[in-house]
Amino acid sequence: MLIPNAMKYYLLQILLCVVLCVSCKKGASSTTQDFAIKAHVEELEPNVKEMIKDWDGYWALKRNIAMIENTNALNAIDFMDKMANNCNAMILQIPDAIETPEIKNRVEKVDTRINQFYTEVNRNEMRERIVQNHIETIVQAFDTLNKELNRTL
């Protein structure tokens with residue numbers, strides 16, 4: 001059975017659409033992986049954990065960072081208010097035993113990074129790379145705080 005030219009043209013269009021849809025779908029998944037948040041926060045030593053066990057603002061911010069690490073960057077916008085509040089609590093509740101100039105400086109650096117994120121990123125931001133860059137700087141500042149806590153205490 002011979003297929004008319006119009007039918008061949010129609011089948012060719014359908015085949016082309018299917019190929020385009022499949023290739024676009026594969027491309028979208030690879031770009032999502034490129035925007036995974038690259039975050040590593042140094043773990044606290046057991047004796048340091050014991051010293052700061054009642055530092056609620058610190059632990060709340062640590063939980064928020066852990067949650068952000070397990071999502072895409074644009075979802076981190078939902079954590080803006082929580083991170084700002086937790087950082088403020090962290091600043092106000094620094095335990096007396098660890099309130100050294102170095103620790104205060106590292107806490108202030110985390111606060112600065114969170115404030116930059118809060119002021120520079122609009123809640124309607126659609127560019128994932130911008131949000132990701134801010135989150136990574138916050139995580140780096142928090143990691144530096146943990147390193148200082150481990151070193152000082």
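## Helix 3 against helix 4

Helix 3 and helix 4 run roughly antiparallel to each other, since their angle is over the 145 degrees that counts for that label. This is a predicted model, and in it helix 3 covers residues 56-69 while helix 4 covers residues 80-92. The angle between the two comes out at about 150 degrees, and their axes sit 7 Å apart. As for handedness, helix 3 passes helix 4 in a left-handed crossing.

Who touches whom here? On the helix 3 side you'll find Gly57, Tyr58, Ala60, Leu61, Asn64 and Ile68, and they meet Lys82, Met83, Asn86, Ala89 and Met90 from helix 4. Sorted by class, that contact has seven nonpolar residues, three polar ones and one charged one.

## Helix 4 against helix 5

Next along the chain, helix 4 packs with helix 5, which spans residues 101-120. The angle is about 155 degrees and the axes are 10 Å apart, so helix 4 is roughly antiparallel to helix 5. The crossing of helix 4 and helix 5 is left-handed.

Helix 4 brings Met80, Asp81, Met83, Ala84, Cys87, Asn88, Met90 and Ile91 to this contact, and helix 5 answers with Val107, Val110, Asp111, Ile114, Phe117 and Tyr118. The class split for helix 4 with helix 5 is 11 nonpolar, one polar and two charged. Met83 and Met90 of helix 4 turn up here and also in the contact with helix 3.

## Helix 5 against helix 6

Helix 6 takes in residues 128-152, and helix 5 packs with it at an angle of about 170 degrees, with their axes 9 Å apart. That makes this pair, helix 5 and helix 6, roughly antiparallel as well. Their contact has 12 nonpolar, five polar and seven charged residues.

## Salt bridges

How many salt bridges does a search of the whole structure find? The search turns up eight. One pair that meets in a salt bridge is Lys62 with Glu43, at 3.8 Å from N to O between the side chains. The two residues are 19 apart and the pair links distant parts of the chain: Lys62 is in helix 3, while Glu43 lies in the loop between helix 1 (5-34) and helix 2 (46-51).

## Where to trust the model

Mean pLDDT for the protein is 83, with 80% of its residues at 70 or more. Residues 25-35 are another story, with pLDDT below 50. That stretch has five contacts in the model beyond near neighbours in sequence. Where pLDDT is low, the predicted coordinates shouldn't be read in detail.

Key: Residues numbered from 1 in each chain as written. Heavy atoms only, no water. Axes fitted to C-alpha atoms, helices over the stretch in contact; angles between N-to-C directions. Helix = DSSP H or I, 4+ residues; strand = E, 2+ residues; numbered from the N terminus. Parallel < 35°, antiparallel > 145°, perpendicular 65-115°, else oblique. Left-handed = near helix turned anticlockwise from the far one by under 90°. Contact = heavy atoms within 4.5 Å. Nonpolar A, V, L, I, M, F, W, Y, C, P; charged D, E, K, R; others polar. pLDDT = per-residue confidence, 0-100. Salt bridge = Lys/Arg side-chain N within 4 Å of Asp/Glu carboxyl O.
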